[in-house]
Amino acid sequence: MKTIELKVSGMSCGHCVSSIETGVGNMNGVDNVTVKLDEGLVTITFDSDQVNKGMLKLKIEDLGYDIQ
């Protein structure tokens, strides 16, 4: 398992947190997603054999948020 921390902009409320945690969390190979709204950080633990950092970033962008 690998863990990455991404700086994400555009998150402003509990719905944003839920959207990212659910959307990314449902991806194959993702073990855990934690959003720190006040810091604009998303921490993801994942199996690098099933998903990679680029795929995770793309998913967050597809949900309507920007990676900094």
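Leaving aside its neighbours within four places in sequence, which residues is Gly25 in contact with? Select Gly25 and look around: the residues are Ile20, Val30 and Val33, where contact means heavy atoms within 4.5 Å.

**Before you go further**

This is a predicted model, in which local features need pLDDT of at least 70 and side-chain atom pairs count only at pLDDT 80 or more, while totals for chains, interfaces and linings use all residues. Residues are numbered from 1 along each chain as its sequence is written, and side-chain values use heavy atoms, with hydrogens and water left out.

**Stop 1: the whole chain**

Switch to a cartoon view and count two helices and four strands. Helices (H or I, at least four residues) and strands (E, at least two) are DSSP runs, numbered from the N terminus. Followed along the sequence, the protein chain reads β-α-β-β-α-β. Its radius of gyration is 11 Å, close to the 11 Å that the globule rule gives for 68 residues, so the protein chain is as compact as a globular protein of that length. That radius is taken over C-alpha atoms, and the globule rule is 2.2 Å times the number of residues to the power 0.38. Along the principal axes, the C-alpha atoms fill a box of roughly 30 × 20 × 20 Å.

Now colour by accessibility: 38% of the 68 residues count as buried. Buried means under 20% relative accessible area, exposed over 50%, and partly exposed in between (1.4 Å probe, protein chains only).

**Stop 2: the sheet**

Select the four strands, which form an open sheet in the order 2-3-1-4 with antiparallel pairing. Two strands pair if DSSP finds at least two bridges between them. Strands of a sheet pair through backbone hydrogen bonds, either parallel or antiparallel. At the edges you will find strand 2 and strand 4 (66-67), each pairing on one side only.

Next, pick strand 3. Six bridges join it to strand 2, and six bridges join it to strand 1. Strand 2 and strand 3 make a hairpin with four residues between them; click on Gly40 in that turn to find a positive phi of about 70°. To see individual bridge partners, try Lys36 with Leu41, then Lys2 with Phe46.

How many of the six residues of strand 3 are buried? Six of the six are, so strand 3 is largely enclosed by the rest of the structure. Leu41, Thr43 and Thr45 lie on one side, and Val42, Ile44 and Phe46 on the other.

**Stop 3: Thr45**

Stay in strand 3 and select Thr45, which is buried with a relative accessible area of 17%. Thr45 stands opposite Thr3, and Asn32 also stands opposite Thr45. Show the side chains of Thr45 and Thr3, and you can draw a polar contact of 3.1 Å between them. A polar contact is a pair of N or O atoms within 3.5 Å; within protein, one must be able to donate a hydrogen and the other to accept it, and residues adjacent in sequence count only if both atoms are side-chain atoms. Not counting residues up to four places away in sequence, Thr45 also touches others, including Met1, Gly29 and Val30.

**Stop 4: the two helices**

Select helix 1, which packs on the sheet and touches strand 1, strand 2 and strand 3. The direction of helix 1 makes about 165° with that of strand 2. Axes here are lines fitted to C-alpha atoms, for helices over the stretch in contact, and angles run from 0 to 180 degrees between N-to-C directions. Gly25, where you began, is in helix 1 and is partly exposed, with a relative accessible area of 28%.

Helix 2 lies across all four strands, strand 1, strand 2, strand 3 and strand 4, and runs at about 30° to strand 1. At the N-terminal end of helix 2, Asn52 acts as a cap: one of its side-chain oxygens is 3.0 Å from the backbone nitrogen of Gly54. Just after helix 2, Gly64 has a positive phi of about 105°.

**Stop 5: the core**

Finish with the largest nonpolar core, which has 20 residues. Such a core is a set of buried Ala, Val, Leu, Ile, Met, Phe, Trp, Tyr and Cys residues joined through side-chain atoms within 4.5 Å. Among the members that touch the most others are Val8, Ile20 and Val42. Helix 1 gives the most to this core, with four residues.
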